Amino acid sequence: MPYKPKRGLIERAAVKLGVVPNTDVDANPSLPDVAALSPYASPAQWDNFAEFDAATWPRRATERRYRLVPTVCFNCESGCGLLAYVDKETNTIRKFEGNPLHPGSRGRNCAKGPATINQVNDPDRILAPMKRVGPRGDGGWQEVSWEEALADIAGRIRTALAENRHDEVVYHVGRPGSEGFIDRVLRAWGVDGYNSHTNICSSGARFGYNLWSGYDRPSPDYANARFVLALNAHLESGHYFNPHAQRISEGLARGAKMAVVDPRLSNTASMAHYWMPTRPGTEAALLLAFACVILNEELIDRAFIERWTNWREYMAICHADQAQTVDGFLATLKEEYAEFTPEYAAAECGVSVEQVREVARLIGEAGSRFCSHTWRGAAAAHLGGWQVSRCLFFLHVLTGSVGTEGGTSPSAWHKYKADLINPPPPTNQWNEMHWPREYPLAYHEMSFLLPHFLKEGRGKLDVYFTRVFNPVWTYPDGFSWIEVLRDESKIGLHVALTPTWNETAFYADYVLPMGLGPERHDLTTYETHSATWIAFRQPVLREARRADGQAVTDTRDANPGSVWEEDEFWIALCWAIDPDGSLGIRKYFESPTDSDKPLTVEEYYSYAFDHVPGLREAAHAEQLDPLAYMRKYGTFQIKDATYQCHERVLSADELHGATIDPDTHLATINGQPVGIEIDGTVIEGFRTPSRLLEFYSPTMIEWGWPEHTIPGYIVSHINERTSTNEPRTSVRADSVHPTALNHLEGNPPSDQHDRTFCLLPTFRLPTLIHTRSGSAKWLNEISQQNPIWIHTSDAAQWNLRTGDLVRITTDIGYFVDRAWVTESIRPGVVACSHHLGRWRRDSDPPSSRWSSSVVSVEELGDGKWKMTTRRGPEPFDSDDPDSRRIWWRDGGVPQNLTFPVHPDPISGMHCWHQRVRVAPASKDDRSGDVVVDTTRSMAIYREWLNRTRPTPQTGQSLRRPLWFARPLRPTDAAYRL
């Protein structure tokens with residue numbers, strides 16, 4: 001019998017009058033039959049899916065009909081699958097849910113995926129091309145046509161190329177989110193103009209992994225692991241965190257154990273079996289202590305070490321007087337790392353001896369099913385942070401957990417490299433503004449030093465594209481970026497490609513509205529687990545129209561306003577640069593069936609999908625072509641359970657013309673290694689010069705760093721001693737003197753109320769991601785503040801309580817923020833999350849009003865800047881009624897403005913951690929206050945520059961090792977000095 005709630009007299013009267021809804025079960029006896037509940041709509045229903053409109057409940061049941069169009073989330077690097085619900089009646093997107101067919105995310109999404117609908121409907125988004133009016137950065141804008149913008153931009157690029165000013169055309173990207181199209185553009189132009197954010201993100205970790213294997217990223221097989229070691233907060237907010245979080249949870253459910261090394265008690269650490277809050281900068285020492293235990297207790301895979309490391313080269317060069325056997329090598333390793341005992345790690349790192357020994361044994365006992373990951377965190381935080389990933393991978397080599405089930409593989413084994421139509425050849429150019437001689441081993445472009453290079457007069461930019469990129473807010477030393485972005489003698493034309501206004505776009509000449517994730521085409525493939533997949537990000541309204549039989553030849557015809565997608569924009573720009581084909585550019589953007597017409601996105605992606613292994617067969621089984629298959633399902637799994645690729649035997653065709661060196665056993669073709677002969681069989685091996693895992697790195701000697709030939713521990717810049725590149729130390733980390741802090745005007749010297757801490761600014765909240773989350777109302781309702789985490793024992797000295805204001809003083813300035821007093825941070829460390837502190841001035845267009853504060857920005861002279869928060873987020877009028885319901889008034893603090901650049905002299909990684917002074921705020925301080933001295937920031941840049949060892953070294957004829965990968969790699973000839 002249906003349940004009927006008991007109602008009082010007043011409630012019955014209210015129901016009868018219609019003041020409150022009648023929620024009795026039988027109030028709507030004519031409800032249609034409802035099918036059994038299912039977590040996802042069946043793909044057979046995607047063309048015509050029926051769902052009741054929850055907004056009309058309980059007065060009536062309104063059925064809505066949807067076309068479900070698959071696409072890919074663009075709100076972080078995970079590339080999770082989404083289904084857009086396109087209302088058949090209104091032809092609008094109503095919501096986004098997960099795509100259950102996507103191999104990485106499997107239909108499960110974090111908060112950022114569904115919040116895509118907020119970005120699509122954001123009242124502040126840019127809907128037409130905008131051109132600057134008045135001085136750059138003053139906030140004057142006017143709407144222009146795409147034709148006007150294309151003509152102006154193309155003319156400048158054409159002139160620059162004609163005058164051989166190739167280095168003055170630069171494309172600077174934040175999160176790429178796609179595979180390959182911009183490579184086509186820049187190579188067709190013949191410029192070495194690709195610049196990225198990677199050296200503020202992951203270059204440190206990449207460098208350490210690359211030294212071992214020639215692959216720069218790990219792909220952990222969490223679901224099958226027995227022991228997981230995570231350095232910093234990966235489960236809830238790290239690299240590929242949603243797909244990784246799912247598989248870590250599966251591994252734990254199957255009995256795996258996990259340890260987390262992080263000074264902050266992250267969500268991940270709270271779920272781990274072991275939390276190891278090390279002193280910041282000592283993580284490599286801890287990992288070497290694990291190695292010491294594993295070696296001494298012989299918890300090693302001797303056969304793997306003998307077969308796959310370059311121990312023979314190491315022993316012959318460094319220990320020629322000892323037995324040239326693997327046992328001799330293992331004995332040498334025990335001696336080499338003898339000082340890294342659990343007792344040493346306890347003293348240096350601030351963790352317990354018992355915990356060090358226990359975790360080390362669990363790693364060794366897990367053997368081939370030991371799994372790990374590090375990305376930002378320690379590897380991105382410290383001088384020599386690249387040794388963290390190098391030491392971490394050392395544990396995999398010792399345990400033989402490289403490329404195994406439950407172990408960690410190179411990322412390239414699980415990423416698909418698409419075969420693309422008519423690719424342009426590599427350029428012969430080398431842009432020293434991105435790849436300067438001071439940093440020959442930098443694993444990515446030195447992008448965060450661009451303002452400093454421009455100020456030094458190393459060059460200028462004539463056309464500068466920033467694409468989904470916001471360095472004024474994201475990068476350290478943002479006021480130095482503002483100084484050069486305003487200067488037209490340094491940057492001639494700044495074109496911001498962005499769906500929304502941001503702090504960098506305010507200083508552009510053109511702001512061109514590019515499509516959001518569901519408004520553009522992209523190929524997407526990531527190493528989320530031990531399989532290989534490809535996914536198709538597509539403009540969902542365009543696809544919905546096509547599926548309904550409507551002809552759409554330009555994404556602008558389906559997107560809001562005149563928002564374009566980048567593929568079509570770049571094709572049109574290249575035709576505008578080279579209208580008659582005389583520059584040799586247009587030919588790479590011509591239709592393969594008619595050279596008088598531009599290449600279409602259908603032709604581009606048809607070619608790519610036609611060449612995906614297995615996709616044609618899967619499509620044929622459904623009487624579809626590959627493009628139609630990808631439009632329908634959005635994803636395709638190419639391989640499953642990919643392990644042990646280094647053991648792949650090379651075919652006779654692959655070895656045609658190869659010679660095998662009798663000493664090194666390398667198989668080479670035209671001098672290039674293609675494999676290695678082991679036990680009489682030529683197999684693929686790794687991507688290093690030796691095709692082995694290189695414990696010993698000859699490259700480090702050849703390029704001037706002989707003290708770092710093997711995994712070691714470099715003392716962090718926040719704990720500097722007399723030698724800034726000291727490979728290892730037994731001195732306690734808390735017994736050192738901090739770096740000198742600059743005293744700005746109004747910033748008094750240290751006293752008893754003013755202490756030095758390590759600031760940890762590298763963690764993110766799981767609901768936010770860079771600039772893009774600023775326009776998502778749901779995400780900002782969840783997370784609005786980035787307070788200073790401070791331990792209860794540290795807060796007690798000032799009687800600080802949560803919510804009290806504190807001043808954080810860096811080497812170049814200070815910021816004021818609220819305290820969060822907690823036990824979840826190591827004493828002596830303070831932390832402040834990034835992705836918050838968005839700002840705009842009154843003169844700027846309305847932008848991300850869900851998250852941004854209105855500020856005033858003052859130049860005080862002599863390079864000094866001051867930012868004052870005038871008001872935080874507040875209700876505003878728009879077509880979205882929720883804009884009048886904003887209840888939060890604190891948008892956080894832009895802490896990165898106060899950070900000087902700290903370029904690691906080897907990897908090029910910006911070292912985010914720093915020594916700061918923490919003190920209660922003064923009576924005149926207000927939350928959000930920022931003061932910076934860019935003159936001082938230039939001096940610190942030069943101090944760090946002096947740590948480098950520029951090319952050429954003695955006898956060196958290259959700019960960079962030829963075997964080091966590079967985004968948009970030029971010809972080998974360009975590597976030569």
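**Exercise 1. In this predicted model, is P129 buried or exposed, and which residues does P129 touch beyond its sequence neighbours?**

Step 1: find the spot. P129 sits in the loop that links α2 (116–120) to β5 (130–132).

Step 2: check the accessibility. The relative accessible area of P129 is 1%, and the cut-off for buried is under 20%, so P129 is buried.

Step 3: list the partners. Skipping neighbours within four places in sequence, P129 is in contact with Q142, E143, V144, S145 and W146, plus V511, L512, P513 and S562.

Step 4: try a distance too. L37 is 92 residues from P129 along the chain, and the two C-alpha atoms are 45 Å apart.

**Exercise 2. Which helix gives the largest share of the largest nonpolar core, and what does L229 contact there and elsewhere?**

Step 1: get the core. The largest one holds 70 residues, and F227, L229, F290, L395 and F695 have the most contacts inside it.

Step 2: assign the share. Helix α8 (residues 283–296) supplies eleven residues, the largest share of this core.

Step 3: zoom in on L229. Leaving out neighbours within four places in sequence, L229 is in contact with A259, V261, L287, F290, I363, F370, C371, S372, H373, L392 and L395.

Step 4: look for a second core. Another one, of 69 residues, lies apart from the core just described, with L383, L461, A508 and V855 among its members.

As background, nonpolar side chains in soluble globular proteins tend to be buried together.

**Exercise 3. What span should the 14 residues of α8 have at 1.5 Å a residue, and how many of its residues are buried?**

Step 1: set up the estimate. The expected span is 1.5 Å times one less than the number of residues, so the 14 residues of α8 should span 20 Å.

Step 2: compare. The end C-alpha atoms of α8 are 20 Å apart, which agrees.

Step 3: check the cover. Of the 14 residues in α8, 13 are buried, so the helix is mostly covered.

Step 4: step past the end. Just after α8, E298 has a positive phi of about 55°.

**Exercise 4. Where do D477 and N670 lie, and is each one buried or exposed?**

Step 1: recall the usual sign. Most residues other than glycine have a negative phi.

Step 2: take D477. Its phi is positive, near 60°. D477 lies in the loop between α16 (471–474) and α17 (478–486), and at 0% relative accessibility D477 is buried.

Step 3: take N670. Its phi is also positive, about 55°. N670 lies in the loop between β22 (666–669) and β23 (672–678). With a relative accessible area of 77%, N670 is exposed.

How values were computed
Residues numbered from 1 in each chain as written. Predicted model: local features only at pLDDT ≥ 70, side-chain atom pairs only at ≥ 80, totals over all residues. Heavy atoms only, no water. Core = buried A, V, L, I, M, F, W, Y, C linked by side-chain atoms within 4.5 Å. Buried < 20%, exposed > 50% of the residue type's maximum accessible area, 1.4 Å probe, protein only. Helix = DSSP H or I, 4+ residues; strand = E, 2+ residues; numbered from the N terminus. Contact = heavy atoms within 4.5 Å.
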